[in-house]
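Here is a short tour for a first reading. Take a look at the chain before going on.

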Amino acid sequence: MFENLSKKLSFILNKIRSKGRLTKENITDALREIRKTLLEADVSLSVIKTFINSVLKKSIGQKININLTPGQEFIKIIKNELIEIMGKKNDELNFSVQPPAIFFLVGLQGTGKTTTVGKLAKFIKKKYKKKILITSLDIYRPAAIQQLHTLSKEINVDFFFTSIDEKPIDIARKSLEYAKKNFYEVLLIDTAGRLHIDKEMMNEIIQIKETISPIETLLVLDAMTGQEGMNISKTFNDLLSISGIIITKIDGDSRGGIALSARFSTKKPIKFIGTGEKLNDLQPFLPEKIAERILGMKNVISFIKNVEKKIIHSKKPLFNENIAKNPKFDLNDFYNQIDKIQKIDGVKSFIKNFPNKTNIPNVGNIQEINENTLLKMKNIINSMTKKEKKTPNIIKGSRKKRIANGSGTSVQDINKLLKQFEIMKRMIKKIKKNGIHNIWKNIKNYLIH
């Protein structure tokens with residue numbers, strides 16, 4: 001359901017991520033387009049306003065990390081704000097109560113509650129190994145009772161039979177007594193669909209909840225609901241104090257706004273998403289993964305994470321000003337650079353993110369490097385004398401043989417290392433000429449274009 005939203009956001013962010021600097025003008029322009037895109041995705045106005053204001057505040061006048069381009073920093077801010085709106089982490093089901101733990105599913109008719117009860121029962125059985133009882137209070141739609149009974153047999157969990165002649169509150173009370181008497185650990189209760197504006201039906205479900213005191217009251221929302229989903233979720237939460245939300249039918253052609261609006265309006269977590277019609281198609285809601293999916297920039301975000309984790313947090317940039325200031329770049333410096341390259345998962349990981357490798361000078365030589373080669377190169381340098389490290393040009397025939405024997409490599413390996421050293425040396429000359437930040441910016445831009 002996030003495909004259309006993802007395409008449009010990717011297009012907007014692609015335009016800004018290559019900017020040399022972020023200004024109030026280009027940020028405002030980008031946010032204006034993002035606002036329009038979110039409106040088209042059925043995200044509520046109040047959510048959009050909060051989102052835009054927060055991004056604007058965190059983007060303008062803030063210090064940009066030198067290891068990220070301004071555009072990458074902006075993408076990071078966008079992603080973090082999406083996560084903030086949807087919830088920072090997945091909230092698991094609550095079982096901390098004297099058994100049975102009662103899970104009470106509520107919502108409008110047609111949202112997929114009955115199927116979701118079956119999916120949730122299967123999920124709990126598989127993950128938590130609990131003894132489960134399920135039942136239906138939907139006396140208004142007898143087919144729902146039969147449907148849930150069929151599902152219970154399919155997933156091999158027990159079903160508490162009900163009669164359409166009984167009141168829902170009596171069925172709830174009897175099913176709870178039965179669950180306690182037979183030592184069930186979980187009682188899952190399906191309810192009849194009801195409009196949030198139907199006072200009589202809402203009063204009925206309030207009375208049922210007060211009678212059975214469920215540990216979890218889960219609102220089932222259809223992803224197709226659109227902006228009205230915010231009003232629905234708010235009303236159900238105000239009257240029933242829901243503990244979480246399950247969004248169904250995200251495999252359909254909905255616009256995705258409900259994922260951003262539902263939690264914002266209730267301050268309650270989205271716990272699961274229904275990804276299809278099969279009983280296995282229920283997944284825990286993971287805000288970070290959903291944010292990445294919405295942005296449609298998995299490679300860029302992975303790169304940003306890697307840089308932050310391996311370089312920024314270590315406070316050792318891949319290239320630093322000291323290299324440029326050195327009057328002579330030698331093999332000691334080269335050794336240190338190999339160490340730093342390894343800290344961002346090695347050259348193999350580094351190079352595979354270059355989309356258009358034909359535009360990168362000496363890329364053929366660079367691609368030859370892999371993790372084993374890096375270790376071999378370090379062993380070779382460790383087998384050299386201090387003089388050889390400082391003046392590599394003296395490494396000729398007999399010296400190469402001695403170094404090869406000492407490092408367990410071949411003369412050909414020594415030649416390859418010296419060739420790589422010369423490539424790095426030429427890069428350092430460019431740093432001295434053009435400045436460290438321009439060179440690093442070019443490397444980062446290669447990684448994301």
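## Contacts along the chain

Start with how the chain meets itself. Take the contacts between residues at least 6 apart in sequence: 75% of them join residues at least 24 apart. One pair of residues can be followed in space. D339 and K378 are 39 residues apart in sequence, and their C-alpha atoms lie 8.7 Å apart.

D339 sits in helix α14, which spans residues 331-342. Is D339 buried or partly exposed? With a relative accessible area of 26%, D339 is partly exposed, because buried means under 20% and exposed means over 50%.

## The whole model

This is a predicted model. The chain contains 21 helices and eight strands. It has 449 residues, and 52% of them are buried.

What does the surface consist of? The chain exposes about 22,200 Å², and carbon and sulfur atoms supply 50% of that area.

## Two nonpolar cores

In soluble globular proteins, nonpolar side chains tend to be buried together. How many residues does the largest nonpolar core have here? The count is 62. Within this core, I34, F51, F236 and I247 have the most contacts. Helix α4, residues 70-86, gives the core its largest share, with seven residues.

There is also a second core, separate from the largest one. It has 26 residues, including L93, F103, I132 and L282.

## T191, in a loop

Next comes a single loop residue. T191 lies between β4 (186-190) and α8 (199-212). Its relative accessibility is 2%, so T191 counts as buried.

Which residues does T191 touch, leaving aside those up to four places away in sequence? They are F104, L105, V106, K113, L137, D138 and I205. L105 also appears in a closer view of the atoms: a polar atom of the T191 side chain lies 2.6 Å from the backbone oxygen of L105.

## M201, in helix α8

The helix that follows the loop of T191 is α8. M201 is placed in this helix. Its relative accessible area is 15%, so M201 is buried; the cut-off for buried is under 20%.

Again leaving aside residues up to four places away in sequence, M201 touches Y140, A192, G193 and R194.

Definitions and conventions
Residues numbered from 1 in each chain as written. Predicted model: local features only at pLDDT ≥ 70, side-chain atom pairs only at ≥ 80, totals over all residues. Heavy atoms only, no water. Helix = DSSP H or I, 4+ residues; strand = E, 2+ residues; numbered from the N terminus. Buried < 20%, exposed > 50% of the residue type's maximum accessible area, 1.4 Å probe, protein only. Polar contact = N/O pair within 3.5 Å; in protein donor to acceptor, adjacent residues only side chain to side chain. Contact = heavy atoms within 4.5 Å. Areas by Shrake-Rupley, 256 points an atom, 1.4 Å probe, with all protein chains shown as cover. Core = buried A, V, L, I, M, F, W, Y, C linked by side-chain atoms within 4.5 Å.
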